[in-house]
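Subject: Handing over a structure

Hello,

I am passing on a structure that you have not worked with before. Please have a look at it first, and then read on for what I found.

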Amino acid sequence: MCKQHFFVITLLFTVSTTNAQSLSINNPLLIHSNEPVQFGKVNAAVIRDAVSLVFKISDERIKEITVVPGDARNVSNTLLAMDELYYDLVDLSMKLGLIAGTYSDDSTRNTANDQSEKLSLYLNNLFLNEALYKSLKLYSTTTDAEQQPPNHKKFLNETIIAFEKNGMKLDSNGRKKLETINEKIIGYGIQFDKNIAESKDSVAFTEEELAGVPDNTKGPWKRGERNYIVYVNGPNYVNIMTYADNDAARHAMYLHYTNRAYPTNIQVLDSLFYYRQQLANTLGFKSYAAYALTDKMAATPENVWNFENDLITKLAPNVSKEINEYLQIKHNLHPELPDTLYDWDLSYYKKKLLDTKYQLNTDEVKQYFEMSNTLQGMFNVYQKLLSIQIKEINNVPVWYEKVKAYEMYKDGKKI
């Protein structure tokens, strides 16, 4: 079940969470209120407790949905109940994703990753629950379902399709096999992301190799008189690719950055591809791409490739012109290098083109995009478009001291 589907579902109804709160009022990850999440209180034990509690809550909700007699089914005890079921699961899933991606404490972060895997498997297995599927199918035949507004009908229809797409048309043996495959896919997917997030690598450069990189950028990298150690991360990668005059330095950083978690992730990725193909075949699809597109506008892999190839045909003349301009600059600045444009050349020569042909010094432009001013400008746009007010707040629990927090208001009421 894809996360995008969950986002759609949680927006369709106003969610009641009375049952969940009564069971988990003391767990900061399961409290639903208009107050900030107490991230400062979150640790490994809190995460494990939250997942355990949400499983208990969800099991009870599934039982409540599936025991309703057919003639008593209505929007409240079936459709709204399904949305409530999703809400707590997905809400916790999003919070664990944030914790796994941002917390500096290894124990908390690793626990969030491990529990995310369990939660994802639970979510996937919901769509192999035959009793839940039959409850929705039965409700879809009722007069109450027929009288629902279009957005409720859409939710019901798409949820039934999600069950069928994710294995409900299989027999019991097929569904059991699919559970095992889903477990493998989720595990390898989380492991792949975890390996990249925890990858620790650095590249040593000399003063000469970092020629062109601004002093204020490379200052923190300095080790000794003329040597530098650059940690391999997104911001450092962008700076080296954009400013370093030395072709070999850019190439070295490019190789290190694009090979994070290598070779560990090669086996993980191969396994992920293998089980995705197994999933598609089990569900009767030729490829994972065909499976993934069944409920998308593109519909088939062939349509996607036709779209891509059509774009190539239409964009090639303009792209070729720009590439030739980059190549000319490269030849003028470095005639000793091959007249070939590599991936590690693009950002560097793009900046040179902007600086020379268009006299657009991107470093000077940055002063107009200081972070606070940029945020305020973005907020102003949303405030005008959506008739809301956004206000910064202090003294709220955050997981890192530099995180900023904001509240949103509409018609004077905090939303």
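Asn124 is a good place to start: at a relative accessible area of 13%, Asn124 is buried. This residue sits in helix H5, which covers residues 106-126. A polar atom of the Asn124 side chain lies 2.9 Å from the backbone oxygen of Ser120.

Before going further, please keep in mind that this is a predicted model. The average pLDDT of the protein chain is 89, and 92% of the residues score at least 70. Residues 1-24 need some care, as pLDDT stays under 50 there. For that stretch the model has 53 contacts beyond four places in sequence.

Now for the overall picture. The protein chain has 415 residues, of which 37% count as buried. Its secondary structure comes to 18 helices and six strands. The C-alpha trace spans about 80 × 55 × 40 Å along its principal axes. About 24,000 Å² of the protein chain is exposed, and carbon and sulfur atoms supply 54% of that area. Taking the contacts between residues at least 6 apart in sequence, 63% join residues at least 24 apart.

Next, the salt bridges. The count comes to 21. One of them joins Glu208 and Arg226, whose closest N and O atoms are 2.4 Å apart. This pair links distant parts of the chain, with the two positions 18 residues apart in numbering: Glu208 is in the loop between strand E1 (202-206) and helix H10 (215-218), while Arg226 is in the loop between strand E2 (222-223) and strand E3 (227-231). Glu208 is partly exposed at 47% relative accessibility, and Arg226 is partly exposed at 42%.

Helix H10 has a salt bridge of its own, between the side chains of Lys218 and Asp215, at 3.9 Å from N to O. How far apart are Lys218 and Asp215 along helix H10? They are separated by about one helical turn, because they are three residues apart in that helix. Lys218 counts as buried, since its relative accessibility is 7%. Asp215, in contrast, counts as exposed at 61%.

A similar spacing turns up in helix H12 (residues 247-258), where Asp247 and Arg250 are three residues apart, about one turn of the helix. These two form a salt bridge, and their closest N and O atoms are 3.4 Å apart. Arg250 has a relative accessible area of 0%, so this residue is buried. Asp247 and Arg250 also belong to a network of salt bridges that includes Lys330 and Asp345.

Asn239 is worth finding in the viewer too. Its place is in helix H11, residues 234-243, and it counts as buried at 18% relative accessibility. Which residues does Asn239 touch, leaving aside those up to four places away in sequence? They are Thr217, Trp221 and Ala244. Thr217 is 22 residues from Asn239 in sequence, yet the two C-alpha atoms are 7.8 Å apart in space.

There are also a few backbone details to look at. Most residues other than glycine have a negative phi, and most peptide bonds are trans. Tyr262 and Pro263, however, are joined by a cis peptide bond, with omega at about 5°. Pro263 is placed in the loop between H12 and helix H13 (264-282). Ala261 is found in the loop between H12 and H13 as well, and its phi is positive, near 65°. Is Ala261 buried or exposed? With a relative accessible area of 13%, Ala261 is buried.

Asn395 also has a positive phi, near 60°. This residue lies in the loop between strand E4 (389-393) and strand E5 (405-410). At 82% relative accessibility, Asn395 counts as exposed.

Last, a look at the surface. Met378, Val381, Tyr382, Leu385 and Leu386 make a nonpolar patch of about 500 Å². Tyr382 from this patch lies in helix H18, residues 371-386, and counts as partly exposed at 41% relative accessibility.

Happy exploring, and best wishes

Note on methods
Residues numbered from 1 in each chain as written. Heavy atoms only, no water. Helix = DSSP H or I, 4+ residues; strand = E, 2+ residues; numbered from the N terminus. Buried < 20%, exposed > 50% of the residue type's maximum accessible area, 1.4 Å probe, protein only. Polar contact = N/O pair within 3.5 Å; in protein donor to acceptor, adjacent residues only side chain to side chain. Patch = residues over 30% accessible without salt bridge, like charges linked within 9 Å, V, L, I, M, F, W, Y side chains within 5 Å. Areas by Shrake-Rupley, 256 points an atom, 1.4 Å probe, with all protein chains shown as cover. Salt bridge = Lys/Arg side-chain N within 4 Å of Asp/Glu carboxyl O. pLDDT = per-residue confidence, 0-100. Contact = heavy atoms within 4.5 Å.
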